[in-house]
Amino acid sequence: MKNRLISLFEKKSHKILSIFYTAGFPGKHDTIRIAKILEEAGADIIEIGIPFSDPVADGPTIQASNKVALDAGMTLPLLLEQVKEIRKQVKLPIVLMGYLNPVMQYGVERFIKDAKAAGADGLILPDLPVNEFQKFYQKSMEEVGLCMSFLISPTTSEERIRMIDSLSSGFVYAVSASSTTGTKGSFNPDQIAYFERLAALQMKNPHLIGFGIHDHSTFTQACQYAPGAIIGSAFIAMLEKSADLEKDIHTFVTSLKKEK
Amino acid sequence: MKYRVSDEGYYGNFGGAYIPEMLHPNVEELRERYLDIISTPSFQKSFHDLLKDFVGRPTPLFLAKRLSAQYGASIYLKREDLCHTGAHKVNNTIGQILVARALGKNKIIAETGAGQHGVATATVCALMGMDCIVYMGKHDMERQKPNVERMRILGAKVVPALSGSMTLKDATNEAMRHWINNPTDTHYIIGSVVGPHPYPDMVARFQSVISQEIKAQLTTEIGNPYPDYVIACVGGGSNAAGAFYHFIEEEQVTLIGAEAAGKGVDSGESAATTVLGKPGVLHGSKTLLMQTEDGQVIEPYSISAGLDYPGIGPMHAHLFETERAQFLSITDEEAMQAGIALSRLEGIIPAIETAHALAALDKISFDKDDVVVINLSGRGDKDLDTYIKWGKY
Ligand SMILES: Cc1ncc(COP(=O)(O)O)c(C=O)c1O
C-alpha cells in the first residue's frame, strides 16, 4: 500500500492541517479516541508525540503533557499498540514524533519496522543527526516505506535546507521561529520573510510550518506561504481544559478551517 | 591518541551532537571555530594571565603527610579548592567567556547544580561586563542558598528551573531552551564535560591545566611527571577530565573516578552512572545514562548537589568502556566520613563532591612507594549546612 503521506500530498497542496498531540494525554488511552475524533473533524495528518522525560525543544504546555503521560504509565511499546488500534479505524496519515533516547532504547531498526507494521507513515526525530540517519537508517526506512521529516529553522542556511530537503521524504518540517514550542502572538516581518524565502526555494518536498501556529489567523497566514501547517501546543492546551473531548476537538478543528 | 575526541566529535561509541535543528547554527559555529580561537596567541595569553592573576594558578600540589602515613603511600593533593570561587569550575568559565567574546556574544547563560559553576560563571561575567542568567533547579536553590545569593551579589539573574525534578538536569534543559529561543547574541557556558560536541572537548581542554601543572609539579617534587594513581570525583566529569587529561595516553598511570553511590548503588537513590547507566542520549550527546527500560531519564540522588547528574561526559563513558579508567562508587556516608577525616588530618575541609574522591582511598590497596594524586576539586564552605545536618563529627 502506498504511503498515506505521499498520497495526501499528491491530492492536496493547500491548507493541510496537521495536529500534534502527546500520546497518553490527557488520559493514557485517549491517544486512540483523539485520533478518531480528529479524522471526523477534518484534520489531514495526525502527529503523535512519544513522551520523554526531558523534552528540550518544547515549551511548558508540551512538557507538562509529557509528564502527565509518563506519570500515567505511557510507554513506547504501548504507543505502538495504540497506533495499531487507531489504524483499524482511521485512514489519515500518522506521523510519530519523539526524542531519540526512547527510540534508541527500543532499538531504532526495530522501531522503524514496528512503527510501519502498526500503521505509521512517517517519523520525526528532531535530535537525530542527519548524517547518522543517512549512514544507518535511511535505507531501512525507504525499504519499509516510512517517510522521514527533518526540521529546518529560520537560522538554517540555504545550503543546509537543500541537504535536509534531499534527505527528508513526505514533508519538511519548517519551524516558524527560533523558539521552543508553544509561542503565541502573530508572525513578525522576519518570519514572513522567512516563509517567503522557503516558498521561493522550490524544495523537493512540500513543507509544513510548525511551532507558534495556535489559532485561525496564524494557521491561515502560514498557509499563504506553505501547503499546510502543524498545530501542537494550542491543541494540547485545549485538551488539558476540555471536559468533552469530542465536542471540543470538533470546535477546535472547525474554527481553524473556517473560511472567512 | 586513541582516547581523544575524533573529528566527528566521538570518543569511541560516545559523544556526537544530538541536538534539534534550532541549536545547530550555534553549536556548529562553536565547533567550526573553537580550536582556532583557543589556539591564537592572544587567547592563550588572556587565558593564562587570568588563570594566574585572577584565579590564582598554579594551584599547589601539596604532599599530605598525615594522610600518606595513614594509607602507606605518597598522597598529593592538587589544590583546586584554592582557586578563586572555591573550585576548579572557574578554569572552564574563564576559557569559555573568552571564547564567547571572540564569537561576538555578549550574553551568557549557564546551568548549575551545587551553584559552583553558577558562581564561577557569574564571576567571569562580572569580570567581563556581560549579562548573565543562571538556571538552577528550584530544589537546588533551596539546598544551596548561599551560592544563589553569591550569584545575585555578582549581578547574575538566577532563574529557577521548575520542570521535572527541579535539579541539575532540569536546569540544563531550561538553559538549552533559552539558547533555542535566543540564538544570536547568547553563548551557553556548559559547566562540565557534557553536552553536544564540541563542549566535552572544549571544557576538557580548559580543565587540562590541572594535569599540566601536576606533571610539572611532580617533576620538581619527585623527578618524574607520572604518578601511579590519579583520583578524582565524577559528576559530569570536568575536574576528572582535567586531572586525567595529560595522563590518558600514559597507560602506566592508573586513573580512578569516584562516583556518587548516594544511599547505595542498589538503593534506588544513587548517581553511580557507570554501574546503573546504559548508553543513551541526553543534553546533546550519546553517553552512559541512568534511565528506565523505556528510555526515560531516572532522577539521580546524591548528598552532593554537584554529583547529582544522571549521566557522565562521553569521554568518561569511553574511558569506562575501554577500561582505561576505573570507576568506584562511594556512598554518602563514606564521603562524609572522608571529608571529616581530611579536615582532621590535614586541616582542609573539602567540598562534599571532592570528599567522594578521598573516600576512594579506602578502596584501593597501595604499595608503599606509590605516588597518588587526588584532585581536590573544591572547598567545603558551600557545604557547611550539609556537614552540620549530617552531624557526626
Ligand atoms: C567541588 C566540585 N567538585 C566536583 C564537581 C562535579 O563536577 P565535575 O564532575 O564536572 O567536576 C562539582 C560540581 O558542582 C564541584 O562543585
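The following exchange concerns a ligand site, one helix pair and two cis peptide bonds in a predicted model. Residues are numbered from 1 along each chain as written, and chains are lettered from A in the order in which they are written. Local features need pLDDT of at least 70, and side-chain atom pairs count only at pLDDT 80 or more.

Student: Which residue places a polar side-chain atom 2.7 Å from a nitrogen atom of the ligand?

Tutor: A polar contact is a pair of N or O atoms within 3.5 Å. An oxygen atom of the ligand lies 3.2 Å from a polar backbone atom of Gly236(B), and an oxygen atom of the ligand lies 2.7 Å from one of Gly237(B). The side-chain partner of the ligand nitrogen atom is Ser377(B).

Student: At what angle do helix 4 and helix 9 of chain B pack?

Tutor: Helices are DSSP runs of H or I with at least four residues, numbered from the N terminus. Axes are lines fitted to C-alpha atoms over the stretch in contact, and angles run from 0 to 180 degrees between N-to-C directions. For helix 4 (residues 89-102) and helix 9 (residues 199-207) of chain B, the axes are 8 Å apart and the angle is about 115°.

Student: Which residue does a cis peptide bond join to Phe25(A)?

Tutor: The omega of this bond is about 0°. Another cis peptide bond runs from His197(B) to Pro198(B), with omega near 15°. The residue joined to Phe25(A) is found in the loop between strand 1 (16-22) and helix 2 (30-41) of chain A, where a strand is a DSSP run of E with at least two residues. That residue is Pro26(A).

Terms used:
Side-chain values use heavy atoms; hydrogens and water are left out. A polar contact is a pair of N or O atoms within 3.5 Å; within protein, one must be able to donate a hydrogen and the other to accept it, and residues adjacent in sequence count only if both atoms are side-chain atoms.
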